[in-house]
Amino acid sequence: MQRTRTVRRTASSRVTRLHIPIHLRWGDLDAFNHVNNTSMLKLLEEARVRAFWKPGPGEQAPSTAVLDSGIEQGVLTLIARQEIEYLAPVPYQRHPLEVQMWFGKLGGSSVEVCYEVHNDPASVERTVYARSTAVIVLVDAQTGRPTRITPEMRAAWEPYVGESIVYAHR
C-alpha cells in the first residue's frame, strides 16, 4: 500500500498543499529516456485520484479524499480543461516524485486543481519538473448536468485554497 504523505505549509506559497508521492514506471519513459508528456497526464491523474477519492478498507488517504468512486455513486468528475507547463525533463528514478496539490478556485460545481511535480523531497537539490492546472466539473451521472459541490467537499477542500498558477507568456 502506497502511503500518502501528510500535508504541510509550503513557505514559498503560504498555502497548505497536499503532498502525494507517485512512483514512476519504466513504461512512463520515451525514446529520449525521460517521462513522456502524455505519461505526465497519467501521473497527475493518479495523484488526483489518491487525493480526492475515499480510501478503500485498510487504505489511508488525506482529509480531502471525500469523493466516492464509480459511476454507480451518481457523481462524475470530468476534466473540462488542463494545462501543463514543463520546466525540466523527468528522468527515471526509483524514488517517488512528489506531486504537490492545492485549489486555485472552488466554484459552484467546478474546482481548479493546481499541481507542481517535484523530485523526491529527500533530495539535496530540489527540482520542479512541471506545473499544471485542471478544471474539474462535478456532473450528475444520470443527467450529465453539472451538480453542486457539497458542503462536505467544500469543508474538506477550503483549507487548501491558494493562488492559481500563473503561466509564462504564450
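## Salt bridge exercises

In this predicted model, the side chains of Glu98 and Arg126 form a salt bridge, with 2.9 Å from N to O. Let's work through that pair and two others.

**Exercise 1.** Find where Glu98 and Arg126 sit in the chain, and work out whether each is buried or exposed, or something in between.

*Solution.* Start with position: the pair ties together distant parts of the chain, 28 residues apart. Glu98 belongs to strand 4 (residues 97-106), while Arg126 is in the loop between strand 5 (110-118) and strand 6 (128-140). Next, accessibility. Buried means under 20% relative accessible area. Glu98 has 1%, so Glu98 is buried. Arg126 has 36%, which falls between the 20% and 50% cut-offs, so Arg126 counts as partly exposed.

**Exercise 2.** Check whether the contact between Glu45 and Lys42 fits the salt bridge cut-off, then place both residues.

*Solution.* The cut-off is within 4 Å, nitrogen to carboxyl oxygen. Here the N to O distance is 3.3 Å, and the pair is a salt bridge. Now the location: both residues are in helix 1 (residues 37-52), three residues apart, or about one turn of the helix. As for Glu45, its relative accessibility is 33%, so Glu45 is partly exposed.

**Exercise 3.** Give the distance between Arg25 and Asp28, and decide whether Asp28 is buried or exposed.

*Solution.* The side chains of Arg25 and Asp28 pair up in a salt bridge at 2.7 Å, N to O. Asp28 has 1% relative accessibility, so Asp28 is buried.

**Exercise 4.** State how many salt bridges the whole structure has.

*Solution.* Searching the whole structure turns up eight salt bridges, including Arg25 with Asp28.

How values were computed. Residues numbered from 1 in each chain as written. Predicted model: local features only at pLDDT ≥ 70, side-chain atom pairs only at ≥ 80, totals over all residues. Heavy atoms only, no water. Buried < 20%, exposed > 50% of the residue type's maximum accessible area, 1.4 Å probe, protein only. Helix = DSSP H or I, 4+ residues; strand = E, 2+ residues; numbered from the N terminus.
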